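Grab your viewer and a notepad. Here are some exercises, each with a solution you can check step by step.

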Amino acid sequence: MGQNLGLAGPVQVNRDFCKRCGYYFEFCPRGVFERPDEITLKGVTPPRINEWAECTMCSLCTLLRPDIAVSIEV
Amino acid sequence: MTRAIEEHPLTGYLRIDRVPHIWCEGCGLGILLNSFVQALKDLEFDMDKLVVVSGIGCTGRASGYIKSDAYHTTHGRAIAFATGVKVANPDLKVVVISGDGDLFAIGGNHFIHAARRNIDMLVICANNFNYGMTGGQLGPTTPIGSRTQTSPYGNIEQPFNLSALAACSGAVYVSRWTTLHVRRLTESIKKGIHKKGFSFIEVIAPCSTVYGRYNRLGDGLDMMNDLKEISVIKHGIYPTEATIEPGKEIVVGDFVDIEKPEYSDMVQAFIKEQMEG
Amino acid sequence: MSRKVLTGSYFVHGDWACAEGALAAGCKFYAAYPITPASEIAERMAVRLPQVGGAFIQFEDELGAMAAVVGASYAGKKAMTATSGPGFSLMQENIGLAIMTEAPCVVVDVMRGAPSTGQPTKAGQGEMMQVRWGSHGDYEIISLVPSSVQETFDLTVEAFNRSERYRIPTFVMVDGILGHMYERIEIPEPEEIDIVNRKKPTQTPEEYLPFKADEDLIPPMANFGDGYHFYSTGLTHDERGYPDMSIEVQDKLIRRLSDKIRRNEEKIIRIEEVDVEDAEILVVAYGIPSRSALKAVEQARAEGIRAGLLRLITAWPFPTRILEDLSSQLDAVIMLEMNYGQLVREVERAVKPTPVTFLPKLGEEPHKPDEILTAIRRCSG
């Protein structure tokens, strides 16, 4: 049921859990995420991975994710 | 590459079959839950020894997402129930996660008395300045002037400073963070779990759906950005000095860390004495 | 003095006997707030519990005391609290929690004059309907009504056994006279006292569904710390313990919570019958007034009146069927209560159309045998 929007990176996003907090792209210190144009059937805009290379796997996004929608493989 | 959610790194600590949780978009309570579960994971805490108890309200649902023994009590009685658990089985670590209304309005008496006894228990209070679950009414921490459903002309009641109340009632560990300080919060939760005695962590959490809306504070992101602007870290100050004025200044940090004899230990000590004597 | 069961003969009051009954049943946790006339139970427990490895805690109020009892029960201990009217009112909230989450526990109510603060140092029987209906919603409970100090000991043991057997809060309703009255009691050897312990799960933690009942409608109970990692809530919940607000789940849960008692009524109900077999006039009583009633029935029999006594030992479930069956042989029923009419309504409902004379007593004094005898004579005449 989890759907990974990144193709090869460590960060996993579960679109089913996402409620569009927007915290990832605002507070990610490396700008890994971007706001997608896409709106899901639930009316939310799950984060899209912008730039893998910038990710240092600090895992701040997994702590700041209120919807338990992002996990990171360390 | 699609990964099954069962492989989620926190699966062992969360009831993933209950996610998505009930909290609104941008609600700070999910962050608090992450932080708590991350602390358990970092500590490799023995989940057989953990009991999570909560009361009623939005935060009251937290216990239902944690994969340990957990109990959702009546409104205000989480600490009283948890006291029963701890005294009956002192080997268990009891954590209460609940909201400001549950712990400090209807449950205020149990809070001050548990702190006074110094019973070993970690109480994490999500403070969002109002009653969220019932639609945004005045609570014991609602700031002066704030609008809620039951203070439509602005609140005229003085709010509690929860960390100060905890310290003055006898808590041995007191800290306050916002949901933005998620790493520091996680560290404080780890300390609170390890601390022997009554420990209290206040977590300022955005409630954009009701409190934010009535007070025109924007969405969750705006409220989180506001917390970033106004929070000031001051470790070690006595919490009566730790300002908590949303919109102006919120002082966060580790405020109190002292040692005192713990209640359930003392109960066990005189049980031992009486049984042998 | 560190024995769990104080086998032997003692001249003691009802509160003392209640505390010792609890210990004999295996009580290991007591939380309460001081209140007349139940404080002596707390005082006895404060001395005795540590001697037998149990914990006593004096709470900040009865709301908290009852919540702590539910917590201790979930932590695996046999737990009790005792109070009187005003405290009993405060406990109703978490009595409901114990019912909903099926926490075995014992609540003792030493009844005084009421309502409100009423007569703290006097006796009454004013909570006989509150014990049945005091918390909100549909449920069943078990309540026991002793009439002697010995029976206060015996029924406190029995209350623990029933609460453990049915996973339900069980009540011992002691009138204030009995709580403070001294009588000789005999405490048996520990091995002569039957003890029932809650049913434990046989499943693995992975298979365990905390609210999936067996055929007897009672789910096995894991304790906190046993490694079952289960969740329990006062919200309507499914077999996993998860909140579920659907019609189906509410219907199934509420029916089961009541039916686990209703289907076992015959096993649960206890009464004492004296000269009932050929009785035409039946006196129904419980607690202290039943002792005056016994005297009056004996005197009536000596006068040739066919009188009998039915003494309630369980007030709830109420012995409706037993009274229904008797009603055809009866000309009249006399009901005694130290209140202004509570269980008498149940009696009237059961014995219809037999006329019921109600003798209320308010303000401490129980009924005198003469008053009851006069009522019996009037009914027979």
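A residue is called buried here when its relative accessible area is under 20%, exposed when it is over 50%, and partly exposed in between. Keep in mind that the model is predicted.

**Exercise 1.** Find where C:Arg167 sits and decide from its relative accessible area whether it is buried or exposed.

*Solution.* Start with the backbone: C:Arg167 has a positive phi, near 50 degrees, and isn't a glycine. Next, place it: the residue is in the loop between H6 and strand S7 (169-175) of chain C. Finally, apply the cut-off: the relative accessible area of C:Arg167 is 2%, so it is buried.

**Exercise 2.** Do the same for A:Arg20, and say which accessibility class it counts in.

*Solution.* A:Arg20 is another non-glycine with a positive phi, about 70 degrees. Its place is the loop between strand S1 (11-13) and helix H1 (23-27) of chain A. With 35% relative accessibility, A:Arg20 falls in the partly exposed class.

**Exercise 3.** Locate the cis peptide bond that leads into B:Pro20, then the one that joins C:Ala114 and C:Pro115.

*Solution.* In chain B, the bond from B:Val19 to B:Pro20 is cis, with omega near 5 degrees. B:Pro20 belongs to the segment before helix H1 (29-43) of chain B. Over in chain C, the cis bond between C:Ala114 and C:Pro115 has an omega of about 10 degrees. C:Pro115 lies in the loop between strand S5 (105-111) and H5 of chain C.

**Exercise 4.** Describe how domain 1 and domain 2 of chain C meet: how much area is buried between them?

*Solution.* First, the bounds: the domain assignment gives 8-192 for domain 1 and 270-380 for domain 2. Their C-alpha centres are 26 Å apart. The contact draws on 29 residues from domain 1 and 23 residues from domain 2.

Now the area: about 2,100 Å² is buried between the two domains, with carbon and sulfur atoms giving 54% of it. On the domain 1 side, C:Gln125, C:Met129 and C:Ser147 supply 29% of the area buried against domain 2, more than any other three residues.

Then the polar part. Between these domains there are three salt bridges and 16 residue pairs in polar contact. On the side of domain 1 that touches domain 2, H6(C) gives the most, with four residues. The residues on that side split into 13 nonpolar, eight polar and eight charged.

**Exercise 5.** Take the salt bridges C:Lys252 to C:Glu239 and C:Asp278 to C:Arg301. What are the N to O distances, and which parts of the chain are linked?

*Solution.* A general point to begin: side chains of opposite charge can pair when their charged atoms come close.

For C:Lys252 and C:Glu239, the closest N and O atoms are 3.2 Å apart. C:Lys252 is in helix H8 (residues 247-262), while C:Glu239 is in the loop between strand S9 (231-233) and H8, 13 residues apart. At 53% relative accessibility C:Lys252 is exposed, whereas C:Glu239, at 27%, is partly exposed.

For C:Asp278 and C:Arg301, the N to O distance is 2.8 Å. C:Asp278 is in the loop between strand S10 (271-274) and strand S11 (281-285), and C:Arg301 is in helix H10 (residues 289-302), 23 residues apart. C:Asp278 is partly exposed at 35% relative accessibility, and C:Arg301 is partly exposed at 24%.

How values were computed. Residues are numbered from 1 along each chain as its sequence is written. Chains are lettered from A and ligands numbered from 1 in the order in which they are written. This is a predicted model: local features need pLDDT of at least 70, side-chain atom pairs count only at pLDDT 80 or more; totals for chains, interfaces and linings use all residues. Side-chain values use heavy atoms; hydrogens and water are left out. Domain bounds come from an automatic or database domain assignment. Contact means heavy atoms within 4.5 Å. Buried area is the accessible area (1.4 Å probe) that two parts lose on being put together, summed over both. A salt bridge is a side-chain nitrogen of Lys or Arg within 4 Å of a carboxyl oxygen of Asp or Glu. A polar contact is a pair of N or O atoms within 3.5 Å; within protein, one must be able to donate a hydrogen and the other to accept it, and residues adjacent in sequence count only if both atoms are side-chain atoms. Helices (H or I, at least four residues) and strands (E, at least two) are DSSP runs, numbered from the N terminus. Ala, Val, Leu, Ile, Met, Phe, Trp, Tyr, Cys and Pro count as nonpolar, Asp, Glu, Lys and Arg as charged, and the others, Gly among them, as polar. Buried means under 20% relative accessible area, exposed over 50%, partly exposed in between (1.4 Å probe, protein chains only).
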